[in-house]
Amino acid sequence: MSVARQGDTQHAQLAAIRRLRGPAVPVADAASTDGGYAGLVTRTVAFSIDALIVNGAAALVGVTVGLGLSIMHLPSEADAVIAAVLGGLWIVWTVGYFAFFWSSTGQTPGDRVMRIVVRDVHERGPLKPRRAILRFVAVCLGAIPLLAGLLMMLWDERRRCFHDRTARTVVVYGPGEP
C-alpha cells in the first residue's frame, strides 16, 4: 500500500513541476527547427565582435579620462588609484555587457550579427541575470587551461563548452539562418 502511495506522490510532484515550468520542448527539437547548434567559428566571430565593442568603448573612455587627467597635475599615487578604479570599472562593464544581453534577449550584438542565440537547456526563456554572470565567469575559467573549456565543444554532440554546461545553456542558430 505504501509503494502505491509513494508512486502517486511522485506522479503528483512531477505534474506540479510540469504545470509550473510549462510544457518542455526538447532542445534537440528546438535546434532542429532553428537550424542546429552553433559551431566554433561562428561563436568565435561573434565573441570577437563583442570584444571589439567592449574594448573599443573602454579604450575611448580610457583615452578621454587620460587626456583629462593629463591637464591636471596629480601626484603619482592618485594616478595609480585612478588606474585601479578604471580597471575595476572595465571588469564591471565587461561582465555587465554580456550579462545584460544574455539575460534580456539571449543575443549580444555579435551574436545578432552571426544569427545565434543563447538558450536555456530546458527552454524556459532567457537566462536569469545570475546564470548569465555565472556563464561569463565560466567562459573566463574555461579559457585558462589553454582554451580546453572552449575546445571541448568539438567533441560534444550539442556543441557545448564548459560555460554552457555550467550555466545549462546551448547556443543555436536563430530563425532565418540557413
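Helix axes whose angle is neither under 35 degrees, over 145 degrees nor within 65 to 115 degrees count as oblique. In this predicted model, the axes of helix α4 and helix α6 (residues 129-143) cross at roughly 130°, and the two helices are therefore oblique to each other. Their axes come within 8 Å, and α4 passes α6 in a right-handed crossing. On the α4 side, the contact involves Thr94, Val95, Phe98, Ala99, Trp102 and Ser103; these residues meet Pro129, Ala132, Ile133, Arg135, Phe136 and Val139 of α6.

Seven aromatic pairs are present in the structure. In one of them, the ring centres of Phe47 and Phe98 lie 5.7 Å apart with the planes at 20°, so this pair is classed as stacked. The pair joins distant parts of the chain, with Phe47 located in helix α3 (residues 40-71) and Phe98 in helix α4 (residues 76-104), at a separation of 51 residues. Phe98 has a relative accessible area of 3% and is buried, whereas Phe47, at 42%, is partly exposed. A further pair is formed by Phe100 and Phe101, whose centres are 5.1 Å apart and whose planes stand at 75°, so the arrangement is edge-to-face. Phe101 is partly exposed, with a relative accessibility of 22%.

One aromatic cluster comprises Phe47, Trp93, Tyr97, Phe98, Phe100, Phe101, Trp102 and Phe136. Among these members, Phe98, Trp102 and Phe136 also take part in the contact between α4 and α6. Arg135, another residue of that contact, places its charged end over the ring of Trp102, at 4.5 Å from the ring centre.

Key:
Residues numbered from 1 in each chain as written. Predicted model: local features only at pLDDT ≥ 70, side-chain atom pairs only at ≥ 80, totals over all residues. Heavy atoms only, no water. Phe/Tyr/Trp six-rings, centres within 6.5 Å; stacked < 30°, edge-to-face > 60°. Helix = DSSP H or I, 4+ residues; strand = E, 2+ residues; numbered from the N terminus. Buried < 20%, exposed > 50% of the residue type's maximum accessible area, 1.4 Å probe, protein only. Lys NZ or Arg CZ within 6 Å of the ring centre and 35° of its normal. Axes fitted to C-alpha atoms, helices over the stretch in contact; angles between N-to-C directions. Left-handed = near helix turned anticlockwise from the far one by under 90°. Contact = heavy atoms within 4.5 Å.
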